[in-house]
Structures are given as structure tokens and as C-alpha cells.
Amino acid sequence: MIDTILSNVGNFLAGAQAMMMYWILAILGTIFFGVTCLLSLFGLGGIDNPDFDADGSILDHADTGYLDFKLFSLRSVLAFLTVFGWGGVIWGSKGIAGFFLALLCGFITMLLTASILYFMMRLQYSGNVAAGDFTGRTGTVYLGIPGGNVEAGKIIVSIGGATHELQAVAEEPLPTGTPIVVVKPLDGRRFLVKKEVMSEVPNNNIK
């Protein structure tokens with residue numbers, strides 16, 4: 001019974017439908033992975049990590065404890081799909097063995113990509129940015145903050161031209177896109193923030 005099931009699965013994985021899936025993953029993965037790399041060259045790929053996380057993100061200085069290793073980010077997942085797809089194209093005719101070989105290669109590539117991104121972020125933020133340096137800085141809510149100073153959302157703050165993604169809490173609910181001011185660091189990972197009050201600029205054209 002088990003031999004029959006394995007044989008059927010193997011035949012499917014070595015068949016035309018599975019091969020089509022491998023080709024689609026290989027081609028689309030290559031295209032999108034290449035696009036993210038090109039965006040990075042032009043300074044537009046930094047948001048790669050907040051999207052998944054995911055990293056990837058534009059994380060923060062390692063000494064402040066905000067930089068975490070993230071296996072799943074946009075680029076690491078795209079790397080997995082790309083290599084898994086091409087592995088299937090190459091070894092798909094081997095059935096189950098080819099599937100798991102492609103899967104293993106994809107996972108190893110994802111792990112390597114995540115590790116490279118992590119160490120690149122450590123190098124990028126190896127400057128002297130400390131938690132206290134964020135106090136008084138303005139930024140924007142990236143992931144809505146529920147309020148009540150309990151559940152954290154995410155904010156994006158820029159210091160010295162570098163963008164940092166931080167966990168933050170606030171007294172009042174702050175939806176995505178709200179301009180904020182960092183009040184103070186809390187527990188080494190989170191920051192207390194409040195809504196930025198935009199000062200009214202007098203209209204000198206009014207007579």
C-alpha cells in the first residue's frame with residue numbers, strides 16, 4: 001500500500017504538471033529576486049525586511065538589541081523559491097528524490113541569504129547608535145500601535161540618513177502612517193511614542 005502511494009507520488013513529481021510548477025517557480029523567482037537586488041543597488045530595497053517581518057528588515061544597531069536574525073524575509077523566501085524551482089527543473093525527473101533534493105537546496109539557499117542579510121545589517125548599523133539617541137526623534141507608524149502602552153506596533157525612524165524599524169507602544173491607538181515622536185526607550189526593545197503635534201504655520205499671505 002505504502003509502496004503504491006510512494007510510486008504514485010513519485011510519478012506525479014516526475015510528471016509534466018510538477019515540471020511546469022518547477023519552471024514557473026524558477027522563472028518568477030529569478031525575476032523577482034533580481035528585481036529586489038536591483039532595487040537595493042539604487043537604495044530602494046531597504047524596505048525588504050519590514051514587509052515580511054517581514055528583513056530583513058531595516059533593523060537596528062546590534063548593540064541596542066534590536067537586530068534579530070530573521071530566516072523568513074522577502075529576499076530569503078524568493079531565494080528559496082528560485083533555487084527550489086531550478087532544482088526541480090534539474091532533478092525533477094527523479095521524482096520524490098529530486099523533489100527533496102530541490103527542497104534541501106532551496107532551504108540551504110534561504111538560510112545563506114538570511115545569514116548574509118543579517119551580517120550585512122550588523123555591518124550597516126555597527127555605528128554608535130544607542131537607544132537613547134532615538135529620544136525626541138520623529139518618525140512614522142509602520143505597523144499600527146493598539147494603544148494602552150501594552151501591545152507594540154512598529155515605527156520607522158531615520159538617524160543620520162539610516163532608516164530604523166523599532167517596536168513601539170503608545171497611550172492612544174496610532175494607525176499606520178501616523179507621524180510620531182519618540183518619548184523614551186523602555187525595556188531595551190520597545191520605545192514609548194506619542195503622536196506628533198504639527199505646529200500651525202502662520203499664513204503670511206493673509207492681510
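1. Phe-134 is buried, and so is Phe-191 (buried means under 20% relative accessible area, exposed over 50% and partly exposed in between, with a 1.4 Å probe and protein chains only). The model is a predicted one, in which local features need pLDDT of at least 70 and side-chain atom pairs count only at pLDDT 80 or more, while totals for chains, interfaces and linings use all residues. Residues are numbered from 1 along each chain as its sequence is written, and side-chain values use heavy atoms, with hydrogens and water left out.

2. On the overall layout, the protein chain contains 5 helices and 5 strands (DSSP runs numbered from the N terminus, H or I of at least four residues for helices and E of at least two for strands). Along the sequence these elements follow the order α-α-α-α-α-β-β-β-β-β. Of the 207 residues in the protein chain, 36% are buried, and its accessible surface comes to about 11900 Å², with 67% of that area belonging to carbon and sulfur atoms (Shrake-Rupley method with a 1.4 Å probe; for residues, only the protein chains shown count as cover).

3. The aromatic side chains deserve a separate look, since the structure holds 6 aromatic pairs. One of them, between Phe-80 and Phe-84, is stacked, with 5.8 Å from centre to centre and 5° between the planes (rings of Phe, Tyr and Trp, the last by its six-membered ring, pair if their centres lie within 6.5 Å; planes under 30 degrees apart are stacked, over 60 edge-to-face and the rest tilted). Because Phe-80 and Phe-84 are 4 residues apart in helix α4 (residues 74–91), about one helical turn separates them. Phe-80 is buried at a relative accessible area of 17%, and Phe-84 also counts as buried, at 6%. In another pair, the ring centres of Phe-134 and Phe-191 are 5.4 Å apart and their planes stand at 70°, so this pair is edge-to-face. Phe-134 lies in the loop between α5 (96–124) and β1 (138–143) and Phe-191 in strand β5 (residues 190–195), so their contact ties together parts that are 57 residues apart in sequence. Phe-80 and Phe-84 also belong to one aromatic cluster, which they form with Tyr-22, Phe-99 and Phe-100.

4. Helix α4 offers a further detail at Thr-82, which has its place in that helix and counts as buried at 10% relative accessibility. A polar atom of the Thr-82 side chain lies 2.7 Å from the backbone oxygen of Leu-78.

5. The strands are connected in several ways. β2 (153–159) and β3 pair in the antiparallel sense over 7 bridges (strands pair if DSSP finds at least two bridges between them), and Ile-155 has Leu-166 in β3 as its bridge partner. The hairpin of β2 and β3 has 2 residues between the strands, and in this hairpin Gly-160 takes a positive phi near 60°. Strand β3 (residues 162–169) is mostly covered, with 6 of its 8 residues buried. β3 is also joined to β5 by 3 bridges, and these two strands run parallel, with Ala-168 standing opposite Phe-191 in β5.

6. β5 is joined to β4 as well, by 5 bridges in the antiparallel sense, and here Lys-184 stands opposite Leu-192 in β5. Strand β4 (residues 179–185) is in turn joined to β1 by 3 bridges, again running antiparallel, and Gly-139 stands opposite Ile-180 in β4.

7. One backbone angle should be inspected: phi of Asn-149 is near 60°, a positive value in a residue other than glycine. Most residues other than glycine have a negative phi. Asn-149 is found in the loop between β1 and β2, where it is partly exposed, with a relative accessible area of 33%.

8. On the surface, Met-20, Trp-23, Ile-24, Ile-27, Leu-28, Ile-31, Phe-32, Val-35, Leu-39 and Trp-86 form a nonpolar patch with about 910 Å² of accessible area together. Such patches are made of residues with over 30% relative accessible area and no salt bridge, nonpolar side chains (Val, Leu, Ile, Met, Phe, Trp, Tyr) being joined within 5 Å and like charges within 9 Å, where a salt bridge is a side-chain nitrogen of Lys or Arg within 4 Å of a carboxyl oxygen of Asp or Glu. Helix α2 (residues 16–41) supplies the largest share of the nonpolar patch, 9 residues. Leu-39 has its place in helix α2 and counts as partly exposed at 34% relative accessibility.

How values were computed:
A polar contact is a pair of N or O atoms within 3.5 Å; within protein, one must be able to donate a hydrogen and the other to accept it, and residues adjacent in sequence count only if both atoms are side-chain atoms.
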